[in-house]
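Trainee: I am new to this structure and would like to know how the terms used for it are justified. Could you set the values against the definitions?

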Amino acid sequence: MANTKIELALFGVGRIGPTHLNSIARHPRAHLKYLVEFDLALAKKCLDEEGLEDAVIVPANEVAKVYADKSLHGVIVCTPTPTHQKIITESLRAGKAVFTEKPLAHDSAAADECYKVAEECKLPLLCGFNRRFDPTYDSIIKRVGEGAIGHVRYIKTTLRDTMDPSWPMLGTIGTCWVDLLIHDVDLACAVMGELPITVSADGDAFADVIRKNNDFDQAIINLKFPSGALATVEASRFCNYGYDQRLEVFGIGGMLEGANFHDDQSKLYTANGMNRPLLQPSFQQRYRESYYLELDHFIKVIQGKEKLRVTRKDGVAAIKICETAEKANATKSTISLQW
Ligand SMILES: NC(=O)c1ccc[n+]([C@@H]2O[C@H](COP(=O)([O-])OP(=O)(O)OC[C@H]3O[C@@H](n4cnc5c(N)ncnc54)[C@H](O)[C@@H]3O)[C@@H](O)[C@H]2O)c1
């Protein structure tokens, strides 16, 4: 299999699906055989945009033919989170490797069940924590591990999204904790190479649509790790100056910083000061390379060339920490975790 094309099916082309189609179109060893969707016109448009017209569009209620195809190696799950568990377990039981968008499932127990099925079926299950694959953050994770800044004291992550407050789906995509903050909770754990022992959290809702759904659009999670390091994970659904994504790791021997990405790296200096292009608008631009690299990793795992970089422990722990943060915020308490 090392040099053959990996045959893939992708489920769901809403916000994130087209980005993974773009990675497939760019990857020399990936071939999209099926695109599964409810919205067939949208599916056709997305395939046309990426020049993937030879893929077969399968209505989501006719998915049995995808599972029955013995030549299919892997499934990529880009559907809403509540649908993940069913698609993941059905795909695994049909003998397909699975790469799913985060969070792996709607809660930590369901996620653990999915991994159990993967282990029973002896197939890889990759959770798409794409920040681990971002070259800047990956370099920071590696250099922390190599001791470049000594003992880590503090991590600060910033995740400010650029959602449109009038987007009708906003109230349906999951709570800020498990849907949004999970990205940087996992990132903080990846940087530390350990899991937190205490969790506290706070949040508020500034937008009506968020408040009506008992959710928060501004939130922080505080973590304490066994090594003593502290972390603050901060997220907002709305940011009016662009997709603000930063990571700072402060250690006894220095600081590592992952700064924001602008539309380009030019700077204009005039008598009025310095001006830079806007921050990139959203995840599709900022993390484009990371999505390609996680697909590349998935393919190499299927080919037997790499071991899963996001383990069962990682995939379940991140959800559990976010569930704990939700509880900590609701009870205004600091909650201890044991692993
Ligand atoms: N890693 C990231 O940066 C990132 C960014 C956005 C979303 N996500 C995750 O990706 C997943 C999808 O989010 P989204 O915002 O793209 O959702 P979305 O609602 O925009 O799109 C989902 C698509 O899936 C289709 N669909 C629903 N059920 C299906 C099924 N059973 N089979 C096939 N297609 C089905 C819908 O018709 C829709 O087009 C979520 O789990 C979300 O958390 C990750």
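**Values against definitions**

Trainee: Why is Lys-332 called exposed?
Mentor: Lys-332 has a relative accessibility of 57%. Buried means under 20% relative accessible area, exposed means over 50%, and partly exposed lies in between, with a 1.4 Å probe and protein chains only. The value for Lys-332 is 57%, so the residue counts as exposed.

Trainee: What kind of model is this, and how are its residues numbered?
Mentor: This is a predicted model, with residues numbered from 1 along each chain as its sequence is written. Local features need pLDDT of at least 70 and side-chain atom pairs count only at pLDDT 80 or more, while totals for chains, interfaces and linings use all residues, and side-chain values use heavy atoms, with hydrogens and water left out.

Trainee: Where is Lys-332, and what is its phi?
Mentor: Lys-332 is in the loop between α11 and β15 (335-336). Its phi is near 50°, a positive value in a residue other than glycine. Helices (H or I, at least four residues) and strands (E, at least two) are DSSP runs, numbered from the N terminus.

Trainee: How do you know whether Lys-122 is buried or exposed?
Mentor: The relative accessible area of Lys-122 is 73%, so this residue is exposed under the cut-off of over 50%. Lys-122 sits in the loop between α5 and β6 (125-128). Its phi is near 55°, again a positive value in a residue other than glycine.

Trainee: Which peptide bond is cis?
Mentor: The bond from Lys-102 to Pro-103 is cis, with omega near -20°. Pro-103 belongs to the loop between β5 and α5 (108-121).

Trainee: How many aromatic pairs does a search of the whole structure find?
Mentor: The search finds five. In one of them, Phe-11 and Tyr-67 are stacked, at 6.3 Å centre to centre and 20° between the planes.

Trainee: What makes that a pair, and why is it stacked?
Mentor: Rings of Phe, Tyr and Trp (its six-membered ring) pair if their centres lie within 6.5 Å; planes under 30 degrees apart count as stacked, over 60 as edge-to-face and the rest as tilted. The centres of Phe-11 and Tyr-67 are 6.3 Å apart and the planes 20° apart, so both criteria are met. Phe-11 lies in strand β1 (residues 6-11) and Tyr-67 in helix α3 (residues 64-68), so the pair ties together parts that are 56 residues apart in sequence. Phe-11 is buried at 4% relative accessibility, and Tyr-67 is buried at 13%.

Trainee: Why is the pair of Phe-99 and Phe-298 called tilted?
Mentor: Its planes are at 55°, which is neither under 30 nor over 60 degrees, and its centres are 5.5 Å apart, so the pair is tilted. Phe-99 is in strand β5 (residues 97-101) and Phe-298 in helix α10 (residues 288-302), so parts 199 residues apart in sequence are tied together. Both Phe-99 and Phe-298 are buried.

Trainee: Which residue lies over the face of Tyr-137?
Mentor: Arg-286 does, at 5.3 Å from the ring centre. A charge sits over a ring if NZ of Lys or CZ of Arg is within 6 Å of the ring centre and within 35 degrees of the ring normal. Tyr-137 also forms one aromatic cluster with Tyr-243 and Tyr-287. Lys-320 lies over the face of Trp-339, at 5.3 Å from the ring centre.

Trainee: Why are α1 and α10 called oblique?
Mentor: The axes of helix α1 (residues 17-26) and α10 come within 9 Å and cross at roughly 60°. Angles under 35 degrees count as roughly parallel, over 145 as roughly antiparallel, 65 to 115 as roughly perpendicular and the rest as oblique. The crossing angle of roughly 60° falls in none of the named ranges, so α1 and α10 are oblique.

Trainee: What makes α1 mostly covered?
Mentor: Seven of its ten residues are buried, among them Gly-17, Leu-21 and Ile-24.

Trainee: Why are α7 and α11 oblique to each other?
Mentor: Helix α7 (residues 176-192) and helix α11 (residues 312-331) pack at an angle of about 120°, with their axes 9 Å apart. That angle is outside the parallel, antiparallel and perpendicular ranges, so the two helices are oblique.

Trainee: Is Ile-221 buried or exposed?
Mentor: Ile-221, in strand β9 (residues 218-224), has 0% relative accessibility and therefore counts as buried. Leaving aside neighbours within four places in sequence, its contacts (heavy atoms within 4.5 Å) include Trp-177, Leu-181, Thr-232 and Ala-325.

Methods
Axes are lines fitted to C-alpha atoms, for helices over the stretch in contact, and angles run from 0 to 180 degrees between N-to-C directions.
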